[in-house]
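This report walks through a protein chain from its overall form to a handful of individual residues. Please keep the sequence and the structure in view while reading.

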Amino acid sequence: MLGFGFTGCTVGPDYQSPEITAAPRRTPLETVDVPSRTVEGKIDSAWWKSFRDSKLSSLVERLVAQNLDLKTAAERVIQSVAQRQVAASQGLPQIEGQSLTTYNRQSPNGPLSLLTPAPGAPLEYALFRDGLTSSWQLDLFGRVRRAVEAADANTLAAVENRHGVALAAVAELAQSYIQLRGTQNRLGIAKRNLRLAEENVELVNTRFGNGVATTLDVAQARAQQATIAATLPPMRIQEAELINAIGLLLGDAPRALEAELHRSQILPRVPRKVPVGLPGTLIRRRPDVREAEARLHEATAQTGVAVASFYPDVTLNGAASVESLRLTNLFSPTSAAFSVGPSISLPIFAGGQLRGVLELRESRQREAAIFFQKTVLLAWKEVDDALTAYREAQHRRADVSRSVTENQAALQAARQRYSEGAIDFLNVITTQAQLLQSEIDLADSDTRIATDLVNLYRALGGGWEVADVAFGADSAPRQTIGTR
């Protein structure tokens, strides 16, 4: 009975981890005839290394140390841990030291006039008091324990939020880097076609000088050269914007990475096989789902706090001090004073406040459960959409690649026939324009496949582990969400 008196019981609803219904199983993607295949297997936590691009890996390492959003999320974890400490302190004994020295003068016309003071008693005196006061709220019905449980869940949610920030930052960095290399690839294609257009101008001018070509041919050749040249400035603008976007993710000033990233490199290649996890563990590894579940846990515990508010609060109080009118005998045995005893607070009437708080917490608990369901459905949708996009992007790339091959052959034949005088220059211009567009489409397809793979990894919840590497796994609470 003594143990029950100090530990009591914990009222309110106990949290149970919600079940997640598995999504309908798709046709195994490993049977699809594509260059890069998705297979069941453990998701690589450092998936960006599968692109085998040393510059990308270096940028990610700098990101986890410099990204400002990630630093902000880490501070929120520290704040939530501090809030948990504050909540837990409510269930521990509180001891306070006091030292009091006052100089007083009693008014003879005040309440003292109703009494008969001793002859010669002074109206002015000094009072010295030193002592300790203590109180200990006995958490008989679990109000403090529920508050600590809610704080633990809030800390876990903050950690998962940091994981989500890390996942989003790494994915955004990888996509910006891939788009940058894709833009630089398009710039290279446009420059090659510009040189080809310049050769066409020279060819037409030569034929015009020989009296074979017409002024129309010359004008068309120069117009084609100018048209291709006009495509370069927008690409350079996009290149600069992407470099600045990467710099912002790394917490650098604009143009800080220009010298490092301006030089064009090969577009990162996707791996032949992409592990996408196991169906049973696919969703629960996503930080947003884990954060939503932690928020549901917190809301459930807060409901328990509201329920416990209907029950009595019992506090053990104690005080010990020495008190004297003279400093010389302040610490003598006769100056000792003490008090000890419990206090009980029982809510009787609060104007509906307690009932209103309970209804508010219950509604928030239901809202958190609805949000968790929506988060899970959104996660399934994003995974399914990303898998489809990744597969179809590879199918499109195969068609575009064939188009480039045919247009290259067509342009070669058109230039040969024009030099022989068999066709007019308009056919050469049309064929080269088709080749330029198909080459750009191929570059865009390669970029799209790589960025779709990044989006797939993000949907699968891969890569957030860099947050624990950057800030230390010890910053995470030693708690896992319970399961049934």
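Is Arg52 buried or exposed? Arg52 is exposed, because its relative accessible area is 80%, and a residue counts as exposed when that value is over 50%. The model in which this residue is seen is a predicted one. Arg52 is found in the loop between strand E1 (37-39) and helix H2, and its phi is near 55°, a positive value in a residue other than glycine. A second arginine can be described in like terms: Arg255 lies in the loop between helix H6 and helix H7 (258-261), has a phi near 70°, again positive in a residue other than glycine, and counts as exposed at 57% relative accessibility.

## Overall form

The protein has 11 helices and six strands. Its radius of gyration is 37 Å, which is well over the 23 Å that the globule rule gives for 484 residues, so the protein is more spread out than a compact globule. Taken along the principal axes, the box filled by the C-alpha atoms is roughly 140 × 55 × 40 Å. Of the 484 residues, 39% count as buried, and the protein exposes about 26900 Å², of which carbon and sulfur atoms supply 56%.

Among contacts with a separation of 6 or more, 87% are accounted for by residues 24 or more positions apart. As for charge, the protein has 52 positive and 52 negative side chains, and the centres of the two sets lie 2 Å apart.

## Nonpolar cores

The largest nonpolar core holds 45 residues, of which Ile246 and Leu456 touch the most other members. The elements that give two or more residues to this core are helices H2 (54-66), H4 (143-209), H6 (232-249), H9 (353-419), H10 (425-460) and H11 (466-471). Helix H4 gives the most, with nine residues.

Which residues does Ile246 contact, leaving aside its neighbours within four places in sequence? The partners of Ile246 are Leu59, Leu173, Ser176, Tyr177, Leu180, Leu257 and Leu261. Apart from this core there is a second, separate one of 13 residues, which includes Val204, Ala221, Ile429 and Leu435.

## Selected residues and pairs

The four pairs below are given with their separation along the chain and the distance in space between their C-alpha atoms.

| Pair | Separation in sequence | C-alpha to C-alpha distance |
|---|---|---|
| Tyr15 and Val383 | 368 residues | 28 Å |
| Tyr103 and Tyr125 | 22 residues | 6.0 Å |
| Lys191 and Thr231 | 40 residues | 9.5 Å |
| Pro271 and Gln394 | 123 residues | 13 Å |

Tyr15 is found in the loop between helix H1 (2-7) and strand E1, and it counts as buried because its relative accessibility is 15%, where the limit for a buried residue is under 20%. Pro271 has its place in the loop between helix H7 and strand E4 (273-275), and Pro271 is buried too, with a relative accessible area of 15%. Once neighbours within four places in sequence are left aside, Pro271 is in contact with Ser36, Ser50, Tyr390 and Leu453.

Where does Tyr103 lie? Tyr103 lies in strand E2, which covers residues 94-105, and at 67% relative accessibility Tyr103 counts as exposed. Leaving aside neighbours within four places in sequence, Tyr103 is in contact with Tyr125 and Ala126, and the first of these partners, Tyr125, is the residue paired with Tyr103 in the table, at 6.0 Å from C-alpha to C-alpha.

Lys191 lies in helix H4, the helix that gives the most residues to the largest core. Lys191 itself is partly exposed, with a relative accessible area of 38%, a value in between the limits of 20% and 50%. With neighbours within four places in sequence left aside, Lys191 is in contact with Leu232 and Arg236.

Methods
Residues numbered from 1 in each chain as written. Heavy atoms only, no water. Helix = DSSP H or I, 4+ residues; strand = E, 2+ residues; numbered from the N terminus. Rg over C-alpha atoms; globule rule 2.2 N^0.38 Å. Buried < 20%, exposed > 50% of the residue type's maximum accessible area, 1.4 Å probe, protein only. Contact = heavy atoms within 4.5 Å. Areas by Shrake-Rupley, 256 points an atom, 1.4 Å probe, with all protein chains shown as cover. Lys, Arg positive; Asp, Glu negative; His and termini not counted. Charge placed at Lys NZ, Arg CZ, Asp CG, Glu CD. Core = buried A, V, L, I, M, F, W, Y, C linked by side-chain atoms within 4.5 Å.
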